[in-house]
Each structure stands twice: as structure tokens, then as C-alpha cells.
Amino acid sequence: MRVLLLGSSGQVGRALLAFKPAGYKLLVPGRSEVDYLQPESITDYVLFHKPQLVINCAAYTAVDKAEAETALCTRINSGACEHLAKAAAAADAVLLHLSTDYVFDGLLDRPYNEEDSPAPLSVYGHSKWLGEQTIVANCAKHLIVRTSWIFDADSNNFVNTMLRLAASRSELRVVADQVGGPTPASELARAIWQLARQSVERNGPWGVYHFSGQPFVSWYEFARSILTEAYRLCVIHQLPTITSISASEFGSPAQRPANSRLDGSKIKALYGVAAADWQSELVNILKAKARAVTSVTNPGC
Ligand SMILES: NC(=O)c1ccc[n+]([C@@H]2O[C@H](COP(=O)([O-])OP(=O)(O)OC[C@H]3O[C@@H](n4cnc5c(N)ncnc54)[C@H](OP(=O)(O)O)[C@@H]3O)[C@@H](O)[C@H]2O)c1
């Protein structure tokens, strides 16, 4: 199968490259070939190469900065998606697109399913919701995977932010009134490849799917897990005090949903993809970091 992977330099794109199934021919253009700010470059590339599957991991992802960069964020996350969806449809390709828990307002008292109505709170969330709608309208063979709180070993994400701050601070203040599912990029990549293979083989079912890690936790609980394990494994050498605060005390520019929990029943029922176990992947990542740290600086640990 000929697969076009867009956004291959990002957190999810790199995981997809790492877990690519055998027998797939990947097209991996960089920004010099496909730039979402020049959407005709998307159309030209898709229609020239005619992939059978397009996986879209490219996006404007700076959630807080987006509050001041509405036009730029919307051009990338929505305007470019319209061109992509039309080009994929013209090439008769399947379009697998990533979206986010931030399309919801987080007011429900249960995990969100695919039938629940989006009501984004932030510019980023709104742009992703617009992107979803244009894909649904313009490309019948679409799979939209909403996911949340992605982490891997190397990217600028919550896990690495906690580790970096723990190295220099004795107290960390972490938001406790937002709950969601941390999602390992590696598990998301496996789920995406499984979805891609089955949907192309069976010609669907198309639509929106929720996939995240479990168990659901608050950012505060996630931080405690990261730092407790990191300390146990000697990745960090002091355990900071972790103080729970509210999102309003933290005061970030973009408002985020208090309830980011995504119900993964549909993807499990239709594609056999189970929720990811984030705790075991977190330990794997920290063990790899521990091996690197102890071999260099702390052989006695
Ligand atoms: N990270 C999360 O926690 C999270 C949660 C839920 C959903 N998602 C969604 O998951 C997807 C992947 O996220 P991620 O964490 O992998 O993002 P990421 O690490 O920020 O990567 C974004 C990718 O988009 C590319 N890109 C940005 N602007 C572009 C442009 N103008 N033209 C072409 N490419 C451009 C980047 O390329 P360069 O390297 O050239 O900048 C990079 O490859 C996104 O749709 C995001 O909305 C993410």
C-alpha cells in the first residue's frame, strides 16, 4: 500500500515511522514539498503521487500561542484540511486525520463518545473542530481519530516538562481539576496502523473514533506517577513536592476542558483496538532514560 504521511517530523509522525508495518511504501514529504500555508502544494503532491492512504499528523499544535495566532492556527488546522480532503477524495484515497479532546467543552460527567457534540473552548480546539467538519464534508472515506495528552520519550510534552522542572525545582504546582487519558505516541501509532490496514481492506467503516490511554487521571496524578517512577528508577535524584492547583490558579492563556476523557468503545467494537496502557509505556520510557543516565553519571544507582 502506498501511504502519504504528513507531519512526519512531529511526535505522532515519528512514532508512525518507527512502527510502520512491513510492505507499506511510505511517502514522507517535508515542509519544503508540502506546506499547509501553501495549500496548493498539498493538492499538487496528492494528485501527482496518488497514495491509497493519507495520514495527516501535520497541525498547528501550540495550544496557548494559538489564542494570539487565530488566523495562522485556523489556516493550518482547518483551511489546509479542506484542500487535503478534496485532494484525497479526487485521488480516491482514504484520509486518516488526527483530532483532539479539545473539541469538547468538558462539561459532561462521563467520558465523551463520538455522538457527543463538540463545543470547543479554545482557538486551537475550534480550529480542529472546523478541520474535522471540512474533512467529513469533502472526503467520504475518512477516519478521524480524536486522542489526548500524547507523550513519547523525546518530544516537548508533559512527561519531559515534569522531568526537566524536577531537576531544578523543589516544588511543582500541577493542575488537578482537568482529567483525561495520557496517550503514548507508540500505542497511538500501533492503533493508527491497525485502523488503516483494516479500513482499507474492508472499505470502512468510516467516521470519527476516540482513542486514548487509560486509566484516566488528572494532570496532578499524571505528574505524581511520572515523578515517583522517575525517582524510583534514578532518572531524577530528588523528588519535588507536588502541589495540586486549579486550572484557574495556573492561568494558561487557552481554556482547556475539565473533562477530557474519551470513550474508546467504538474503536474497540469496530476495529478491535483497545485503549492504551499508558502506565506501562511510561515505565518503559523512564527505564530507557534511567539506563542512559546511570551509565553516564550514576553507576551506583
Ligand atoms: N500532542 C498532543 O497531546 C495531541 C493531543 C491530541 C491531538 N493531537 C493531534 O495529533 C496530531 C499530531 O500531533 P503531534 O503532537 O505529533 O504534533 P507536533 O509534534 O507539534 O507535530 C506537528 C507536525 O505538523 C507539521 N507542521 C506544522 N505546521 C506545518 C505547515 N505549515 N506545513 C506542513 N507541516 C506543518 C510539523 O512540521 P515541522 O516539523 O516542519 O514544524 C510537524 O511535523 C495533531 O493533529 C494534533 O492536533 C495532539
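Start by selecting helix H2 (residues 40–49) and helix H3, whose axes come within 9 Å and cross at roughly 20 degrees; the axes here are lines fitted to C-alpha atoms, for helices over the stretch in contact, and the angles run from 0 to 180 degrees between N-to-C directions. H2 and H3 are therefore roughly parallel to each other, on a scale where angles under 35 degrees count as roughly parallel, over 145 as roughly antiparallel, 65 to 115 as roughly perpendicular and the rest as oblique. Viewed as a pair, H2 passes H3 in a right-handed crossing, the term for a near helix turned clockwise from the far one by less than a right angle, while anticlockwise would be left-handed.

Before going further, note that this is a predicted model, in which local features need pLDDT of at least 70 and side-chain atom pairs count only at pLDDT 80 or more, whereas totals for chains, interfaces and linings use all residues. Residues are numbered from 1 along each chain as its sequence is written, and side-chain values use heavy atoms, with hydrogens and water left out. The helix and strand labels follow DSSP runs numbered from the N terminus, with helices (H or I) of at least four residues and strands (E) of at least two.

Keep H3 (residues 70–90) selected and add H4, which packs against H3 at an angle of about 15 degrees, with the two axes 8 Å apart. That angle makes H3 roughly parallel to H4, and H3 passes H4 in a right-handed crossing.

Next, select the ligand together with the residues around it. Of the 23 residues there, Ser-9, Arg-31, Thr-61, Tyr-124 and Lys-128 come nearest, where a residue is near if one of its heavy atoms lies within 4 Å. Helix H1 (11–18), strand S4 (94–100) and helix H4 (123–138) each supply at least two residues of this shell, and S4 gives the most, with three residues. By type, the shell divides into twelve nonpolar, eight polar and three charged residues.

Now display the polar contacts, meaning pairs of N or O atoms within 3.5 Å. A side-chain N or O atom of Arg-31 is 2.7 Å from an oxygen atom of the ligand, and a polar side-chain atom of Lys-128 also lies 2.7 Å from a ligand oxygen atom. At Gly-7, a backbone N or O atom lies 3.3 Å from an oxygen atom of the ligand. The protein covers 80% of the 900 Å² of accessible area that the ligand has on its own, as computed by the Shrake-Rupley method with a 1.4 Å probe.

Move then to the loop between helix H6 (185–202) and strand S10 (207–210), where Pro-205 is found. The peptide bond from Gly-204 to Pro-205 is cis, with omega near 0 degrees. Asn-203 has its place in this loop between H6 and S10 as well, and its phi is near 60 degrees, a positive value in a residue other than glycine.

Another loop, between strand S11 (213–214) and strand S12 (217–218), holds Pro-215, and the peptide bond from Gln-214 to Pro-215 is cis, with omega near 0 degrees.

Finally, select helix H5 (residues 158–166) and helix H7 (residues 219–232), whose axes come within 10 Å and cross at roughly 60 degrees. That angle makes H5 oblique to H7, and their crossing is right-handed.

Note on methods: A polar contact is a pair of N or O atoms within 3.5 Å; within protein, one must be able to donate a hydrogen and the other to accept it, and residues adjacent in sequence count only if both atoms are side-chain atoms. Ala, Val, Leu, Ile, Met, Phe, Trp, Tyr, Cys and Pro count as nonpolar, Asp, Glu, Lys and Arg as charged, and the others, Gly among them, as polar.
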